Amino acid sequence: MKQLKFVVLGVAAMAALLSCASNSAKLSGTLEGVNNGSVVVKLLDVNKMTVLDTLAVKNGSYSCSVPVKAGDPEFVYVYYGPTKVASLILQKGENAKVTSDTLGNYTVTGSPESELLSGSEKAQAEFAAATALYRAKIANLNPSSPEALQLGREFGQNYVSYYRKRVLYVMQNPKSLSTLPVLYEAIGDVPVFSQTTDAIHFRNVYDSLMTVYPESRYVKALDAEAARRENLMRLDHYAKEAQEIGFIDINMPDVKGQKVALSDVAKEKKVVMVYFWASVMGEQKMFNLDVLQPVYKQFAPKGFEIYAVSLDTDKAAWATAVKTQNSGWINVCDGYGVSSPVVSTYNVQTIPSLFFIIDGEVVSSTGVKNEATLRAFLSSKLK
């Protein structure tokens with residue numbers, strides 16, 4: 001019995017060792033032109049680089065094991081002195097083989113994601129070289145000379161062409177982590193994906209990668225970046241609309257899920273009070289019942305409307321509160337709470353908070369502190 005127990009424990013221990021060993025990928029490389037020397041292997045951790053190991057190059061070869069968790073591939077970079085001689089995306093269990101020279105040219109096999117990354121980096125390097133050549137040519141020219149202007153036009157056309165190719169790449173490889181360096185790529189100090197509408201590409205790639213690598217920290221970071229860019233895109237949209245209508249528009253769903261645009265309300269009503277609140281705060285629900293409802297009933301027939309923007313995150317609870325109060329005015333909510341883009345665009349620092357749109361223009365609400373001052377204000381505007 002004791003011997004049997006010993007055998008069982010031995011098998012269990014071996015399984016544990018094999019499991020531990022399998023949480024890695026193997027990297028082996030050949031560095032042409034170097035018989036003896038060393039290379040440094042670095043790991044990318046979202047936004048910073050750490051050194052994994054320094055490897056001896058013997059007879060032009062080196063190898064190491066790279067720790068890789070299941071579902072969370074690693075971005076791995078190999079350096080010979082200051083020169084990057086390989087870039088890889090290694091997954092658990094892969095056996096990647098790299099052939100490099102000291103100038104940074106390399107090929108990789110045994111790792112599909114790394115092969116895609118290699119091809120993508122070559123395209124980037126070619127365009128970076130073309131950009132450097134353009135800058136060298138134009139450096140000594142008069143910026144307004146015909147030659148400089150022609151070079152500028154040609155470079156602009158090449159840049160647009162390159163951008164389109166990068167968009168095509170992320171569209172053709174939405175489930176590959178090799179799209180991440182492309183999305184964050186910059187030529188000099190200028191990001192390739194610098195347009196506000198590029199937020200769409202970030203979100204689409206995130207949605208696709210989540211189906212393959214839901215545990216990847218890189219994919220989680222991409223989600224945050226996509227959200228940031230989406231907010232910027234909304235702000236840009238609001239700003240453009242504001243130039244046309246005199247205020248930043250809001251277009252959110254009501255309790256029935258139908259979007260109601262503030263701009264449409266402002267066209268129909270002489271005075272619109274934009275009111276930021278939250279149904280989770282009991283005192284604000286009481287304010288609605290005790291103050292706003294009597295005022296609304298008095299002035300609504302004269303052209304007054306309330307556009308109430310809820311900063312709730314629980315839309316079901318908000319909808320229930322609105323239906324219970326049966327206020328009669330317009331209630332909208334996007335469910336983002338204080339993260340809603342309208343919070344920053346309208347500089348909402350406390351709730352309740354309000355301002356007025358009168359005849360399509362924003363009017364200061366300074367002095368409107370309570371029911372009495374609200375009635376006085378509306379009486380002066382709705383005669």
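## Helix packing, buried residues and loops in a predicted model

Leucine 183 has a relative accessibility of 1% and therefore counts as buried. The structure described here is a predicted model, and this leucine serves as the starting point for a walk through it. Leucine 183 has its place in helix α4, which covers residues 179-183. Once residues up to four places away in sequence are set aside, leucine 183 touches Val170, Phe193, His201, Phe202, Val205 and Leu222. A separation along the chain can also be set beside one in space: leucine 183 and threonine 131 are 52 residues apart along the chain, and their C-alpha atoms are separated by 19 Å.

Alanine 199 can be described in the same manner. This residue lies in helix α5, made up of residues 199-210, and with a relative accessibility of 0% alanine 199 counts as buried. Residues up to four places away in sequence being left out, alanine 199 touches Arg229, Glu230 and Met233. Between the C-alpha atoms of alanine 199 and alanine 227, which are 28 residues apart along the chain, the separation is 7.9 Å.

### Two pairs of packed helices

Two packed helices are described by the angle between their axes and the distance between the axes. The table gives these values for two pairs.

| Helix pair | Residues | Angle between axes | Distance between axes |
|---|---|---|---|
| α2 and α3 | 112-138 and 146-172 | about 170° | 10 Å |
| α8 and α11 | 282-299 and 371-381 | about 20° | 10 Å |

For the pair α2 and α3, the angle of about 170° makes α2 roughly antiparallel to α3, because it is over 145 degrees. On the side of α2, the residues that take part in the contact are Leu116, Ser120, Ala123, Gln124, Phe127, Thr131, Tyr134, Lys137 and Ile138, and they meet Ala148, Leu151, Gly152, Phe155, Asn158, Tyr159, Tyr162, Arg166 and Tyr169 in α3. Sorted by class, the residues of this contact of α2 with α3 comprise eleven nonpolar, five polar and two charged ones. Thr131, one of the residues that α2 brings to the contact, is also the threonine whose C-alpha atom is 19 Å from that of leucine 183.

For the pair α8 and α11, the angle of about 20° is under 35 degrees, and the two helices are therefore roughly parallel to each other. The crossing of α8 and α11 is right-handed. In this contact, α8 supplies Asp290, Val291, Leu292, Pro294, Val295, Gln298 and Phe299, while α11 supplies Glu371, Leu374, Arg375, Leu378 and Ser379. The contact of α8 with α11 holds seven nonpolar, two polar and three charged residues.

### Loops and backbone details

Ahead of α11 in the chain, the loop between β17 (361-363) and α11 contains serine 365. Is serine 365 buried or exposed? Serine 365 is buried, as its relative accessible area is 18%, which falls under the 20% cut-off. Apart from its neighbours within four places in sequence, serine 365 is in contact with Leu354, Phe355 and Phe356. With phenylalanine 355, serine 365 shows a sequence separation of ten residues and a distance of 5.1 Å in space, taken from C-alpha to C-alpha.

Proline 352 is found in the loop between α10 (341-345) and β16 (353-358). The peptide bond that leads from isoleucine 351 to proline 352 is cis, and its omega is near 5°.

Two further loop residues have a positive phi although neither is a glycine. Valine 46, with phi near 65°, is located in the loop between β2 (36-45) and β3 (48-58), and with a relative accessible area of 36% valine 46 is partly exposed. Asparagine 326, with phi of about 50°, is located in the loop between α9 (315-325) and β15 (330-333), and with a relative accessible area of 62% asparagine 326 is exposed.

### Cysteines

How many disulfides does a search of the whole structure find? The search finds zero disulfides. Two cysteines can nevertheless be placed by their accessibility: cysteine 64 counts as buried at 12% relative accessibility, and cysteine 333 is buried with a relative accessible area of 0%.

Methods
Residues numbered from 1 in each chain as written. Predicted model: local features only at pLDDT ≥ 70, side-chain atom pairs only at ≥ 80, totals over all residues. Heavy atoms only, no water. Axes fitted to C-alpha atoms, helices over the stretch in contact; angles between N-to-C directions. Helix = DSSP H or I, 4+ residues; strand = E, 2+ residues; numbered from the N terminus. Parallel < 35°, antiparallel > 145°, perpendicular 65-115°, else oblique. Left-handed = near helix turned anticlockwise from the far one by under 90°. Contact = heavy atoms within 4.5 Å. Nonpolar A, V, L, I, M, F, W, Y, C, P; charged D, E, K, R; others polar. Disulfide = S-S within 2.5 Å. Buried < 20%, exposed > 50% of the residue type's maximum accessible area, 1.4 Å probe, protein only.
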